[in-house]
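This report looks at how selected strands pair with one another in a protein chain. Please keep the sequence and the model at hand while reading.

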Amino acid sequence: MESLTSGTLAGTGSFRCEECGYVINLAAADELPACPGCGGSRFARASLFAAGRFQRKTADAPSLDEREALIGAARDIIDGPGEYLAWQDTDDVRVVPLDREWTRVGRSLAADVRFDDPTVSRRHALIVRQADGVRILDDRSLNGVFVNGERVEWRVLGDGDEIVVGRYRLHFLEGAAESSRTATAQLGSTG
């Protein structure tokens with residue numbers, strides 16, 4: 001595919017930075033800008049149908065040990081029953097309770113879980129708590145929502161599921177009541 005490096009592009013469409021993958025949308029007479037993600041200047045026409053478009057790169061995925069350490073640290077922070085989101089924030093593990101029916105994830109100032117990052121859409125995802133389970137919905141994001149490596153429009157979440165929003169890896173966790181944890185531990189030791 002031919003790279004575009006300067007000038008005015010004829011027609012509308014989406015163009016992907018060849019350096020970092022950031023996608024920009026242009027109208028008919030828009031001038032090609034520098035990439036907002038990395039400052040690069042090489043773009044190619046973005047296509048929904050390109051090979052690998054909806055696949056996550058595994059090179060940036062944490063190891064199984066790193067993932068288990070993060071989930072273990074998050075479970076140590078959780079102090080009661082309920083549903084939670086956990087993620088690595090620099091050197092800290094952040095845990096947010098999902099205590100409302102709707103939780104907005106995105107870059108917007110109105111988001112309940114906010115990531116100030118260009119890979120995250122303003123309205124990226126919604127997490128919905130209902131009597132029959134917790135679901136995640138893609139809120140028309142540009143880069144998509146991935147659950148356990150698969151791009152989804154919506155998905156019922158289970159304990160330990162990994163959710164990728166932009167460059168952030170969140171983990172859905174269910175906190176058990178202390179009395180049920182004790183009962184489970186006692187059942188396991190008597191059998």
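The text below treats one strand and its two partners, and then a separate open sheet.

The model is predicted, with local features needing pLDDT of at least 70 and side-chain atom pairs counting only at pLDDT 80 or more, while totals for chains, interfaces and linings use all residues. Residues are numbered from 1 along each chain as its sequence is written, and side-chain values use heavy atoms, with hydrogens and water left out.

Strands here are DSSP runs (E, at least two residues), numbered from the N terminus, and two of them count as paired if DSSP finds at least two bridges between them. Strands of a sheet pair through backbone hydrogen bonds, either parallel or antiparallel.

Strand β13 covers residues 162-165; E162 and V164 point one way from this strand, whereas I163 and V165 point the other way, and all are buried (under 20% relative accessible area with a 1.4 Å probe, protein chains only). The hairpin that β13 forms with β14 has two residues between the strands, and G166 takes a positive phi near 60 degrees there.

The antiparallel pairings are set out below.

| Strands | Bridges | Bridge partners or opposite residues |
|---|---|---|
| β10 (145-147) and β13 | three | V147 and I163 |
| β13 and β14 (168-175) | four | E162 and H171 |
| β1 (13-17) and β3 | three | R16 and A44 |

In the open sheet, three strands follow the order β2-β1-β3 with antiparallel pairing. Its edge strands, β2 (23-26) and β3 (43-45), each pair on one side only. The twist from one strand to the next averages 35 degrees, where axes are lines fitted to C-alpha atoms and angles run from 0 to 180 degrees between N-to-C directions.

Key
Buried < 20%, exposed > 50% of the residue type's maximum accessible area, 1.4 Å probe, protein only.
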